[in-house]
Amino acid sequence: MPGMPEPMDVPATCQTFLAFDYGLKRTGFASGNRLTGTATPRGTIAAEGDARFPKIAERIQEWAPDALVVGVPFHPDGAAHENTLRAQKFARQLRGRYGLPVYEVDERYSTTEAHSLGAKDADAASAAIILEQFLRSLD
């Protein structure tokens, strides 16, 4: 993982989170909370384009998070690429559709870490890694 993330300005009222590891064909998700600072992989949404949003809405209704977290990939040198822009667009779509705060987290190496840990569902495990990185960045 890259160095420690910079602290984020997240209101104390935001206690529970759903995180997403966005992909073109699959999006992993995880839930977690500020109190424990931990996240749990919750599965993968196998859908493309707008077809994923009804399934995301179900997860949001089920878990009732205070905010959402989206992993945004970058090249190792920090440069943006096509998937960076796609993940940022996905974050904007989440904000617009669900009216929840959405926080973006640099997710470099999260999938590699998930694979190295032997995750059966690397997308969901990556979402949990992203969320725990986010939770560590809170004041």
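This briefing covers the strand β1, the helices α1 and α2, the nonpolar cores and a few individual residues. The structure is a predicted model, and the values below are computed from its atoms. The largest nonpolar core holds 18 residues, and β1, α1, β4 and α2 each supply at least two residues of this core, which makes these elements a natural place to begin.

**Nonpolar cores**

- Among the 18 residues of the largest nonpolar core, Phe20, Ile56, Leu68, Phe90 and Leu94 are the ones that touch the most other members.
- The contributing elements include β1 (16-21) and α2 (82-98), together with α1 and β4, each with at least two residues; α2 gives the most, with four residues.
- Another core lies apart from this one and has 17 residues, among them Cys14, Ala127, Ala128 and Ile130.
- Once its neighbours within four places in sequence are left aside, phenylalanine 90 is in contact with Phe20, Tyr22, Thr27, Arg52, Phe53, Ile56 and Val70.
- As general background, nonpolar side chains tend to be buried together in soluble globular proteins.

**Strand β1 and its partners**

- β1 is mostly covered, since five of its six residues are buried.
- With strand β2 (residues 26-33), β1 pairs in the antiparallel sense over six bridges, and a hairpin of four residues joins β1 to β2.
- With β4, by contrast, β1 pairs in the parallel sense, over four bridges.
- Leucine 18 illustrates both pairings, for it stands opposite serine 31 in β2 and has leucine 68 as its bridge partner in β4.

**Aspartate 21**

- Aspartate 21 is in strand β1 and counts as buried because its relative accessibility is 5%, below the 20% limit for burial.
- Apart from neighbours within four places in sequence, the residues in contact with aspartate 21 are Arg26, Thr27, Gly28, Glu107, Thr111, Asp123, Ser126, Ala127 and Ile130.
- One of these contacts is polar: the side chain of aspartate 21 meets the side chain of serine 126 at 3.2 Å.
- Aspartate 21 and leucine 131 are 110 residues apart along the chain, yet their C-alpha atoms are separated by 9.5 Å.

**Helix α1**

- The twelve residues of α1 should span 16 Å at 1.5 Å a residue, and the end C-alpha atoms are 17 Å apart, which agrees with that expectation.
- The buried residues of α1 are Arg52, Phe53, Ile56, Arg59 and Ile60; seen down the axis they fall within an arc of 115 degrees, so they line one face of the helix.
- That arrangement can be read against the general geometry of an α-helix, which has 3.6 residues a turn, so residues three or four places apart point the same way.
- The cover over the buried residues of α1 includes β1, β2, β3 (38-46), β4 and α2, whereas the face turned away from the buried side carries the exposed residues Pro54, Gln61 and Glu62.

**Alanine 64, after α1**

- Alanine 64 comes just after α1, in the loop between α1 (52-63) and β4 (67-72).
- Although alanine 64 is not a glycine, it has a positive phi of about 45 degrees.
- Alanine 64 counts as exposed because its relative accessibility is 51%, over the 50% limit.

**Helix α2**

- α2 has 17 residues and reaches 24 Å from its first C-alpha to its last, close to the 24 Å expected at 1.5 Å a residue.
- Thr84, Ala87, Phe90, Ala91 and Leu94 are the buried residues of α2, and they cover an arc of only 125 degrees around the axis, which puts them on the same side of the helix.
- Elements covering the buried residues of α2 include β1, β2, α1, β4 and β5 (102-106), while on the other side of the helix Glu82, Leu85, Arg92 and Gly96 are exposed.
- After α2 comes glycine 99, whose phi is positive, near 65 degrees.

**Serine 137 in α4**

- Serine 137 is found in helix α4 (residues 122-137) and counts as buried because its relative accessibility is 3%.
- A polar atom of the side chain of serine 137 lies 2.6 Å from the backbone oxygen of phenylalanine 134.

How values were computed
Residues are numbered from 1 along each chain as its sequence is written. This is a predicted model: local features need pLDDT of at least 70, side-chain atom pairs count only at pLDDT 80 or more; totals for chains, interfaces and linings use all residues. Side-chain values use heavy atoms; hydrogens and water are left out. Buried means under 20% relative accessible area, exposed over 50%, partly exposed in between (1.4 Å probe, protein chains only). A nonpolar core is a set of buried Ala, Val, Leu, Ile, Met, Phe, Trp, Tyr and Cys residues joined through side-chain atoms within 4.5 Å. Contact means heavy atoms within 4.5 Å. A polar contact is a pair of N or O atoms within 3.5 Å; within protein, one must be able to donate a hydrogen and the other to accept it, and residues adjacent in sequence count only if both atoms are side-chain atoms. Two strands pair if DSSP finds at least two bridges between them. The expected span of a helix is 1.5 Å times one less than its number of residues. The arc is that of the directions from the helix axis to the C-beta atoms.
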